[in-house]
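Let's take a walk through a few parts of this structure together. Have the sequence and the coordinates open as you read.

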Amino acid sequence: MKVLSTALLLLVGSASAFSPSPSSFGIRPLSPLGAKTVDRASNDGEIVDRSLRGIDSSNASASDPTSGPRPALIRNNADEVWVPQRARPRRNRKSAAVRSMVRENIVTPANFIYPLFIHEDGPENVPIESMPGCQRHTLESMLREVGEAMEQGVGTFVLFPKVPDALKTNLGVEAYNPEGIVPRAVAMIKEKYPEAVVTTDVALDPYSDQGHDGIVENGKILNDATIAQLCKQAVCQARAGADIVAPSDMMDGRVGAIRDALDAEGFVDVSILAYTAKYASAYYGPFRDALDSHPGFGDKKTYQQDPANGREALVEATLDAAEGADMLMVKPGMPYLDVIRRLKDHSDLPIAAYHVSGEYAMIKAACERGWLDEKDVVLETLTCFKRAGADIILTYYAKQAAIWLNEDGLY
């Protein structure tokens, strides 16, 4: 009988797609008891005898997990090796359709905010060497990029200017020049794409000859004087048409002051996306290359958060929410997934994660060397942000990720 069964299995294994099914040869069908279905396309049509009897006849030392006084496995009614476990999580992963049906977190292009670097140093875009694929856009190029991203479903953008050194001062007065690059860029986008959501960065570092986010006095960053300048900057951006202002400076009390300044000027509908948990991170280097905004001295540890601290983010979140923030951000993203989750559990406000330049550059470098598959790694990374609790993702991959999602879906 064993010889006959073996012959029939060999016959089935070599049959064409038009041959009778295995059941027509008297071979029992595969059990529905949760065992893995063989992928015939990748396994040359082999059907596994799940009894696994006789496979170790040439290896006398092989143990049998179904025998002995305390067997690890038993056999089911079909004589197949069987783990008597009712709950089998793999049942919810057994096909693409089932995986899609039960997926807990889904990333869509609408979740993205697309950061764009802009400049007026010349008539051409300037590639950013430490961020392959990114560039400083001219204003005309910026408009094209916005249009292309919107065609893919990305609807929100944040602008970061590269400001000429001649316009930089300690007080950062260029930050609220109504004829400056950011107000004009905002107005251009809103005129051509009125449905686009335009976000602006509120901080002095692009405009500072000190390279810091605030006014400097004797090596110290002045908190309250800086906030006065930030209020002027936020109102200027709102007048230009900004939908969201995003204070990234980390001065104490700036969210409340900016909210009041906006409301006093009639901009009650302009949202505030607060950089709530912005850490003094080593991951920002390529971004500072893009804006030529490296600190002129020291570091930013007296106002950005200590990377060792998690609970401190909850203090910042409580304050920002009380002061009128509409959304809370964690920056950087991947190294701080735990902080994203803490804020999600702590606050009912939408949570944003910033997939920062250093994270982007690391993926690019590994993929350029052939060590990682770029598409798979990027989409997994963005999904991780959603799983951790982020509702919004700022990423330099926004347009490309949207293209991938629209072409192939997430998984």
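Two strands count as paired here if DSSP finds at least two bridges between them. By that rule, strand 3 and strand 5 (residues 135-137) pair in the parallel sense over two bridges. Please keep in mind that this is a predicted model.

**Strand 3 and its partners**

Strand 5 is one of the strands that pair with strand 3. The table sets out these pairings, each with a bridge partner.

| Strand paired with strand 3 | Sense | Bridges | A residue of strand 3 and its bridge partner |
|---|---|---|---|
| Strand 5 (residues 135-137) | parallel | two bridges | Phe117 with Arg136 |
| Strand 6 (residues 156-161) | parallel | six bridges | Ile118 with Pro161 |
| Strand 14 (residues 392-395) | parallel | two bridges | Ile113 with Leu394 |

How many of the seven residues of strand 3 are buried? Seven of the seven residues, 112-118, are buried, so strand 3 is largely enclosed by the rest of the structure. It helps to look at this face by face. In a regular strand the side chains alternate between the two faces of the sheet. On one side of strand 3 you will find Phe112, Tyr114, Leu116 and Ile118, and on the other Ile113, Pro115 and Phe117. Every residue in both sets is buried, which leaves both faces of strand 3 covered.

**A serine in a loop**

Now turn to Ser248, which sits in the loop between strand 10 (244-247) and helix 6 (254-264). Is Ser248 buried or exposed? Its relative accessible area is 4%. Buried means under 20% relative accessible area, so Ser248 is buried. Which residues does Ser248 touch, leaving aside its neighbours within four places in sequence? Ser248 is in contact with Asp201, Val202, Ala203, Asp213, Tyr275 and Lys278.

**Two helices that cross**

Our last stop is a helix pair. Helix 8 (residues 311-322) packs with helix 9 (residues 337-346) at an angle of about 45 degrees, and their axes are 10 Å apart. Helix 8 and helix 9 are therefore oblique to each other, and their crossing is right-handed. Helix 8 brings Arg311, Ala313, Leu314, Ala317 and Thr318 to the contact, while helix 9 brings Val339, Arg342, Leu343 and His346. Sorted by character, the residues of this contact comprise five nonpolar, two polar and two charged.

How values were computed:
Residues numbered from 1 in each chain as written. Predicted model: local features only at pLDDT ≥ 70, side-chain atom pairs only at ≥ 80, totals over all residues. Heavy atoms only, no water. Buried < 20%, exposed > 50% of the residue type's maximum accessible area, 1.4 Å probe, protein only. Helix = DSSP H or I, 4+ residues; strand = E, 2+ residues; numbered from the N terminus. Contact = heavy atoms within 4.5 Å. Axes fitted to C-alpha atoms, helices over the stretch in contact; angles between N-to-C directions. Parallel < 35°, antiparallel > 145°, perpendicular 65-115°, else oblique. Left-handed = near helix turned anticlockwise from the far one by under 90°. Nonpolar A, V, L, I, M, F, W, Y, C, P; charged D, E, K, R; others polar.
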